[in-house]
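Here is a friendly walk through one protein model. Keep the structure open beside the text and turn it as you read.

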Amino acid sequence: MENVVEHGYVGGVLCFRGSVVTDQKLGNYSISLETNNEGFAKEFQKTLEFISGKPVNFSQKQSSFLVRLYGKTEIENLVSLLDLHATVPEVAFGNEEFRRGFLRGFFDAGGIVKSRVVTRQGKKQKRRMIRVFSRNEDLLKKISLLLQLE
């Protein structure tokens with residue numbers, strides 16, 4: 001697979017947020033993301049354009065930004081590579097580049113990554129935290145396993 005990190009990023013974003021439509025009957029194939037974070041939306045757009053080789057729609061409606069890619073071939077290729085029916089694609093456990101892209105996309109889409117300085121026993125220490133909230137316990141366990149591999 002080429003562009004492994006980028007494919008991982010798209011997979012991570014779609015795992016947490018966004019939608020994929022593959023309606024063969026109606027011929028509707030799309031990947032879309034709606035967010036109120038313009039920088040995140042533009043990064044997702046840029047990554048989709050890079051891996052698909054096609055222009056990706058970017059629009060703003062009120063306070064949210066919409067990114068959408070159309071195309072049967074592009075969507076089918078991404079769906080087959082990313083195994084979107086699984087909570088976390090198996091390739092994320094075996095391919096370090098994909099895993100790093102996936103985790104970056106996942107946390108860009110819905111996680112919190114913090115770094116702050118705390119004082120303990122008179123010494124300043126950096127404390128790093130990663131947080132994500134979901135009702136899907138299986139997904140959170142798999143994300144935890146991916147983080148342990150890092």
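What follows is a short tour of a predicted model, going from a sheet to its helices and then to a few single residues.

## The four-stranded sheet

A good place to begin is the open sheet, built from four strands in the order β1-β2-β4-β3 with antiparallel pairing. At its edges are β1 (19-23) and β3 (57-61), each of which pairs on one side only. On average, neighbouring strands here are turned by 20° against each other, direction ignored.

Now look at the individual pairs. Five bridges link β1 with β2 (residues 28-35) in the antiparallel sense, and within this pair D23 stands opposite N28 of β2. Two helices pack on the sheet. Helix α2 (residues 38-52) touches β2, β3 and β4 (64-70), and its direction makes about 10° with that of β4. Helix α3 (residues 72-82) touches β1, β2 and β4, with a direction at about 70° to that of β2.

## The β3-β4 hairpin

On to the other edge: β3 and β4 run antiparallel and are joined by five bridges. If you would like a landmark, find S59, which stands opposite L66 in β4. The two strands form a hairpin with two residues between them, and Q62 sits in the turn.

## T35, a residue to zoom in on

Next, pick out T35, which belongs to strand β2. Is T35 buried or exposed? Its relative accessibility is 5%, so T35 counts as buried, the cut-off for that class being under 20%.

Which residues does T35 touch, leaving aside those up to four places away in sequence? They are R17, F40, A41, S64 and F65. With R17 there is also a polar contact between the side chains, at 3.5 Å.

## Two glutamines with positive phi

Most residues other than glycine have a negative phi. Two glutamines in this model are worth a look against that background. Q62 is not a glycine, yet its phi is positive, at about 55°. You will find Q62 in the loop between β3 and β4. Q62 has a relative accessibility of 79% and therefore counts as exposed, since that class starts over 50%.

The other one is Q121, where phi is positive at about 50° although the residue is not a glycine. Q121 lies in the loop between β5 (111-120) and β6 (123-132). What is the relative accessible area of Q121? The value is 83%, so Q121 is exposed.

## Where α1 meets α5

Last stop: a pair of helices. Two packed helices are described by the angle between their axes and the distance between the axes. For helix α1 (residues 4-16) and helix α5 (residues 96-110), the angle is about 35° and the axes are 6 Å apart. The crossing of α1 and α5 is right-handed.

Who makes the contact? On the α1 side the residues are V4, V5, H7, G8, Y9, G11, G12, V13, C15 and F16. From α5 come E97, F98, G101, F102, R104, G105, F106, D108, A109 and G110. Sorted by class, the α1 and α5 contact holds 10 nonpolar, seven polar and three charged residues.

Definitions and conventions
Residues numbered from 1 in each chain as written. Predicted model: local features only at pLDDT ≥ 70, side-chain atom pairs only at ≥ 80, totals over all residues. Heavy atoms only, no water. Pairing = 2+ DSSP bridges. Axes fitted to C-alpha atoms, helices over the stretch in contact; angles between N-to-C directions. Contact = heavy atoms within 4.5 Å. Buried < 20%, exposed > 50% of the residue type's maximum accessible area, 1.4 Å probe, protein only. Polar contact = N/O pair within 3.5 Å; in protein donor to acceptor, adjacent residues only side chain to side chain. Left-handed = near helix turned anticlockwise from the far one by under 90°. Nonpolar A, V, L, I, M, F, W, Y, C, P; charged D, E, K, R; others polar.
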